[in-house]
Amino acid sequence: MALEMISLKSPREIEAMRRAGRLTAQARALAGSMVRPGVTTHEIDRAVRRFIESHGAKPSFLGYGGYPASACISVNEVVIHGIPGPRKLKEGDIVSVDVGAFIGGFHGDCAATYLCGEVSPEAKHLVEVTQQSFWEGIRYARGGGRVSDIGHAVQEYVESFGYSVVRDFVGHGVGTRMHEPPEVRNFGPAGHGPRLQPGMTIAVEPMVCAGDWHVQVLPDKWTTVSQDGSLTAHYENTILITEDGPEILTVTEDGTYV
Ligand code: MF3
Ligand code: CO
């Protein structure tokens, strides 16, 4: 099989990626604003779908590999790919929402973990460290660096708190397809993998466990949980590599990243 190239986006394509990213970030913020005790994950998913479709876009996840919803909503020990349903959120839950939108030929992809009402200090700390690990990682997301510099920085930061990073799922390039090369790991040594170049667009998405990093996919083939049942969190943005550093594409007009 031929080695698939990493696409470099033209200025026109970058403008389209910004538009998709903005809409995706707005959908994330909408979902986050709905997280409170008593709300079902299905209600949040329905709002995300309506929002994306009302802007002339398509939910990237809906039907992807047979995925049945527009958002992944992953509560507590569910790390990723939680399928929305009748589950009611309750006080103290930590709720990860992952959304994607496709418009103008390009995707945006982002996620964040939200606190449902009052949560334990331990849970809140896990969420904060996960979010911060993204920013630690993307300090290395600039032309000339290597893809693995990002994951190395994420891992160092996360493990300094005694938490662990998931190995079985990784970040990825984003563009005309939701998943493009390169693979963006959240672990491993620095200085490996493709060289980062201006015009690359990638999703950096640390998935963090309070306990051990091993995860398990449930029989529904999607829901992915920490094997030890420990709490987990997720944070993701689609970013553009520039000469000077990263530009976050999944940001709302008023500069919201969660
Ligand atoms: N943001 C996730 C990812 O990067 C979501 C994909 S879930 C799927 O892979 F349902 F669309 F598959
Ligand atoms: Co992603």
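This dialogue reads one helix and one sheet in a predicted model.

Me: What conventions apply here, and where does the numbering start?

Reply: Residues are numbered from 1 along each chain as its sequence is written, and side-chain values use heavy atoms, with hydrogens and water left out. Because the model is predicted, local features need pLDDT of at least 70 and side-chain atom pairs count only at pLDDT 80 or more, while totals for chains, interfaces and linings use all residues.

Me: Why does the length of helix 2 agree with its number of residues?

Reply: Helices are DSSP runs of H or I with at least four residues, and strands are runs of E with at least two, numbered from the N terminus; the expected span of a helix is 1.5 Å times one less than its number of residues. The 14 residues of helix 2 (41-54) should therefore span 20 Å, and the end C-alpha atoms are indeed 20 Å apart.

Me: Which residues of helix 2 are buried, and which are exposed?

Reply: Buried means under 20% relative accessible area and exposed over 50%, with partly exposed in between (1.4 Å probe, protein chains only). Thr41, Ile44, Asp45, Ala47, Val48, Phe51 and Ile52 are buried. They lie on the same side of helix 2, because they cover an arc of only 160° around the axis, taken from the directions from the helix axis to the C-beta atoms. Arg50 and Ser54 are exposed on the face turned away from that buried side.

Me: What is the strand order in the open sheet?

Reply: Two strands pair if DSSP finds at least two bridges between them. The order of the 3 strands is 6-10-13, with antiparallel pairing, and strands 6 (164-165) and 13 (232-234) are the edges.

Definitions and conventions: Chains are lettered from A and ligands numbered from 1 in the order in which they are written.
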